[in-house]
Amino acid sequence: MDKVNWQEFPFEAFFADIQDYIRTSPERGVVAFENPMELRDQFDMTLPEKGRSIEELRGDLKNYLEHARNTLHPTFANQLYAAPLPISLVGDVVASLGNSTMATYEAAPIATLIERALIHNLGKRVGWERTEGVMVTGGSNANFAGLLLARNTRFPETRRFGNGNTRFSVFVSDEAHYSFFKALNQLGIGTDNLIPVPSDGQGRMRPSELDRLIHTAKDRGFTPLCCAATAGTTVLGAFDPLNEIADICEKHNLWLHVDAAWGGGSLMSKKHRHHLSGIERADSVTWDTHKMLGTGLVSSFILTPHIGTLLASHRGGGNNYLFHDGQENTLDLGPSSLQCGRRVDALKVWLSWRAMGDEGFEKLVDSLYSRSLWMAAEIKKRPNLQLIYEPTSLNICFRYKTKRKYLANLAVRPIRDDLIARGEAMINWSSRSGESFLRFIVVHPGADEKVLSNILDKIEEAGARWEASHA
Ligand SMILES: *Cc1c(COP(=O)(O)O)cnc(C)c1O
């Protein structure tokens, strides 16, 4: 068997294994946790001298799936994404089959047009007539690209000469994603110049504090560059008040970036898009469709209504062999990207949107929101559980109520670990203002009220076990 010959390679066997895994995934649970030492013992990682047979390779893949996290399982609530839409998997497989790079129109003609169509349509959801954008490697990278765009557009000389003596500052809420910290490191602005703006009791940036901190920065000789508001915070799922923040940005002439990596999906819903009202006033937006809309990791976009700025900011190089003679094909997305070779991520997003339609996405988002409300209400009904924050969106922050109150913080982590060890559910945890809690994300389309109720039972059982062992 020649392993480099496409026509002779037995794909059927592998696809049958994949199909089999998908069919049986509900019975597998989310998989018990193994520590790295155990995993190394159980899994043969060696890269062999002689190539392995097809049957051995099928065994390798089965073994891999056995030990991987089963994100298809509805009790996977650890991350801001869960099972991708089935059609998204198909799109990803076909994207790999095509193996094209998004750098040039000539290498990926249809994919380039599809990515451009997606950018236009996502921009319309934001509220823009025309949108420039590009797909990136994740929301973190979109936030970086947004800040780079802000700096290069507002201070064009920095593109060639760097930051010089200008001391920029960038404002985010104290609940913002850590990628802004990394972005300031990458930009040479310096991580100390990321100014955290205090948030209110529900995790929303306080506009008056933003105004105050901008004044303080100016007084100290800094150049306030950008405010990056969050639409859907990572821990609480809170939405910064975008209109009030946009007013302040206008007043002080700051670039407004909106990180809607998580909350962006709400724009598909007439009922819930009000959380992001004012987003149309942003100068740039981050949106991960792989989160709320289920289009599979990675589907991330950086979007701007200022046509031509992204290209002007990010372009440069590659003229001798890729973008010939500096005569970039105007359709090429490569010059607007920070990557050279780039996967066709657009196909799975486009196929998912075709499969769901606007209506299907709206229904999905609405059902996630209503389940999240249901779950919060159910937690409040249960005497052994305590809701820590009223949810605005799909993040449910709660914990087991220990009989001795002072142990509640301490019990969060062991209860979570117990659920994982038993393969019953995978839920993350966090803390804010001295309170620890479980952070459950209602994003799996299969996590209906029955599943959610069952998980709450398991949490109560784990809590009771923990208390019994700490009597
Ligand atoms: C998930 C998330 C990010 C990071 O996105 P990645 O695609 O994981 O890099 C950034 N900001 C917010 C608010 C997020 O929820």
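Of the 115 residues in the largest nonpolar core, Phe398, Phe440 and Ile459 touch the most other members. Helix H12, residues 346-381, gives the most to this core, with 12 residues. The model is a predicted one. Its protein chain has 14 helices and 12 strands, and 52% of the 471 residues count as buried.

**Nonpolar cores**

- In soluble globular proteins, nonpolar side chains tend to be buried together.
- Leaving aside residues up to four places away in sequence, Phe440 touches Ala77, Met375, Leu394, Asn395, Ile396, Phe398, Ile427, Leu452 and Ile455.
- There is also a second, separate core of 5 residues, among them Leu236, Ile388, Tyr389 and Cys397.

**Overall dimensions and surface**

- The radius of gyration of the protein chain is 24 Å, which agrees with the value near 23 Å that a compact globule of 471 residues would have.
- The C-alpha trace spans about 65 × 65 × 45 Å along its principal axes.
- Among contacts in the protein chain with a separation of 6 or more, 73% are accounted for by residues 24 or more positions apart.
- About 22100 Å² of the protein chain is exposed, and carbon and sulfur atoms supply 53% of that area.
- The protein chain has 53 positive and 56 negative charges, and the mean positions of these two sets are 4 Å apart.

**The loop between H4 and H5**

- Thr104 lies in the loop that runs between helix H4 (86-98) and helix H5 (109-126).
- Thr104 counts as buried because its relative accessible area is 4%, under the 20% limit.
- The contacts of Thr104, not counting residues up to four places away in sequence, are Thr112, Leu322, Phe323 and Asp332.
- Asn99 is found in this loop between H4 and H5 too.
- With a relative accessible area of 66%, which is over 50%, Asn99 is exposed.
- The phi angle of Asn99 is near 50°, a positive value in a residue other than glycine.

**Loops between strands**

- Ser433 is placed in the loop between strand S11 (426-432) and strand S12 (435-441).
- Phi of Ser433 is near 50°, a positive value in a residue other than glycine.
- Ser433 counts as exposed, at 65% relative accessibility.
- Val298 has its place in the loop between strand S7 (284-288) and strand S8 (300-304).
- The peptide bond leading from Leu297 to Val298 is cis, and its omega is near -10°.

**Ser199, between S4 and H9**

- The loop between strand S4 (194-197) and helix H9 (207-219) holds Ser199.
- A relative accessibility of 10% makes Ser199 buried.
- Ser199 touches Asp174, Glu175, Arg204, Met205, Arg206 and Arg432, not counting residues up to four places away in sequence.
- Ser199 and Pro156 are 43 residues apart along the chain, and their C-alpha atoms are separated by 32 Å.

**Partly exposed helix residues**

- Asn63 belongs to helix H3, residues 54-67.
- The relative accessible area of Asn63 is 26%, so Asn63 counts as partly exposed, in between the limits of 20% and 50%.
- Asn63 touches Gln42 and Phe43, not counting residues up to four places away in sequence.
- From Asn63 to Trp350 the C-alpha to C-alpha distance is 32 Å, with their positions 287 residues apart in sequence.
- Glu461 is found in helix H14, which covers residues 449-469.
- At 38% relative accessibility, Glu461 is partly exposed.
- The C-alpha atoms of Glu461 and Pro207 are separated by 42 Å, and the two residues are 254 residues apart along the chain.

Conventions:
Residues are numbered from 1 along each chain as its sequence is written. This is a predicted model: local features need pLDDT of at least 70, side-chain atom pairs count only at pLDDT 80 or more; totals for chains, interfaces and linings use all residues. Side-chain values use heavy atoms; hydrogens and water are left out. Helices (H or I, at least four residues) and strands (E, at least two) are DSSP runs, numbered from the N terminus. The radius of gyration is taken over C-alpha atoms; the globule rule is 2.2 Å times the number of residues to the power 0.38. Buried means under 20% relative accessible area, exposed over 50%, partly exposed in between (1.4 Å probe, protein chains only). Contact means heavy atoms within 4.5 Å. Accessible areas come from the Shrake-Rupley method with a 1.4 Å probe; for residues, only the protein chains shown count as cover. Lys and Arg count as positive and Asp and Glu as negative; His and the chain ends are not counted. The place of a charge is taken as NZ of Lys, CZ of Arg, CG of Asp or CD of Glu. A nonpolar core is a set of buried Ala, Val, Leu, Ile, Met, Phe, Trp, Tyr and Cys residues joined through side-chain atoms within 4.5 Å.
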